[in-house]
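Welcome, and please take a moment to turn the model around before reading on. The paragraphs below walk through it step by step.

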Amino acid sequence: MSDKGCYSCDQTMEQLHSYVDRELNDFEMADVKKHLDDCPPCEQHFEFNLQVKRLVHTKGCPEKAPRALIEKILSNFKQA
Ligand SMILES: [Zn+2]
């Protein structure tokens with residue numbers, strides 16, 4: 001685990017939402033990015049979060065994001 005940047009997978013998952021929202025400082029952003037670059041499973045989680053975030057932004061309201069669309073994204077990831 002220690003060869004994937006400063007963060008473990010667990011730590012990266014904890015930071016992921018803040019990373020997607022760009023709420024981390026430059027050092028934290030760089031550390032998360034480094035981990036994602038070296039860790040495909042975490043990178044997939046990141047891509048998924050990004051897509052959900054875009055979806056929610058497009059629809060404007062998280063509660064109204066169509067369940068079917070989110071599941072469609074999920075199924076795309078399972079196929080990848
Ligand atoms: Zn990882």
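## A walk through the helices

Let us begin at Ile 73, which counts as partly exposed because 14 other C-beta atoms lie within 10 Å, a number that falls between the cut-offs of 12 or fewer for exposed and 20 or more for buried. Keep in mind that this is a predicted model. Ile 73 has its place in helix H4, which covers residues 67-79. Leaving out residues up to four places away in sequence, Ile 73 touches Phe 48, Gln 51 and Val 52. Take Phe 48 from that list: Ile 73 and Phe 48 are 25 residues apart in sequence, yet their C-alpha atoms are 7.5 Å apart in space.

Now step back to the whole chain. What does its secondary structure come to? The protein chain has four helices and zero strands, and reading along the sequence gives the pattern α-α-α-α. The chain has 80 residues, and buried residues make up 12% of them. Contacts between residues at least 6 apart in sequence can also be sorted by how far along the chain they reach: 50% of them join residues at least 24 apart.

Next, find helix H1, residues 9-20. How far apart are the end C-alpha atoms of H1? With 12 residues at 1.5 Å a residue, H1 should span 16 Å, and its end C-alpha atoms are indeed 16 Å apart, so the expected span and the model agree. The expected figure comes from 1.5 Å times one less than the number of residues.

Follow the chain just past H1 and you reach Arg 22, where phi is positive, at about 55 degrees. Most residues other than glycine have a negative phi. Arg 22 is not a glycine, but its phi is positive all the same. Arg 22 sits in the loop between H1 and H2. Is Arg 22 buried or exposed? It counts as exposed, because it has 7 C-beta neighbours inside 10 Å, and 12 or fewer is the cut-off for that class.

Beyond the loop comes helix H2, residues 26-38, and here it helps to look at H1 and H2 together: their axes come within 10 Å and cross at roughly 120 degrees. That angle makes H1 oblique to H2, since it lies outside the range of 65 to 115 degrees for roughly perpendicular and is not over 145, as roughly antiparallel would require. The crossing in which H1 passes H2 is left-handed. Which residues make the contact? On the H1 side they are Thr 12, Gln 15 and Tyr 19, and on the H2 side Glu 28, Met 29, Val 32 and His 35. By character, the residues of this contact divide into three nonpolar, three polar and one charged.

The spacing of such residues has a simple background. An α-helix has 3.6 residues a turn, so residues three or four places apart point the same way. With that in mind, look again at Thr 12, Gln 15 and Tyr 19 of H1 in the contact with H2.

Two members of this contact deserve a closer look. Val 32 is found in helix H2 and counts as buried, because it has 24 C-beta neighbours inside 10 Å. Setting aside residues up to four places away in sequence, Val 32 touches Tyr 7, Thr 12, Gln 15, Tyr 19 and Leu 24. Gln 15, in helix H1, counts as partly exposed because it has 18 C-beta neighbours inside 10 Å. Apart from its neighbours within four places in sequence, Gln 15 is in contact with Tyr 7, Leu 24, Glu 28 and Val 32. How far apart are Val 32 and Gln 15 in sequence and in space? They are 17 residues apart in sequence and 7.5 Å apart from C-alpha to C-alpha.

To finish, stay in helix H2 and find Ala 30. Ala 30 is partly exposed, because 13 other C-beta atoms lie within 10 Å. Its C-alpha atom is separated by 9.7 Å from that of Tyr 19, and the two residues are 11 residues apart along the chain.

Definitions and conventions. Residues numbered from 1 in each chain as written. Predicted model: local features only at pLDDT ≥ 70, side-chain atom pairs only at ≥ 80, totals over all residues. Helix = DSSP H or I, 4+ residues; strand = E, 2+ residues; numbered from the N terminus. Contact = placed C-beta atoms within 7 Å. Axes fitted to C-alpha atoms, helices over the stretch in contact; angles between N-to-C directions. Parallel < 35°, antiparallel > 145°, perpendicular 65-115°, else oblique. Left-handed = near helix turned anticlockwise from the far one by under 90°. Nonpolar A, V, L, I, M, F, W, Y, C, P; charged D, E, K, R; others polar.
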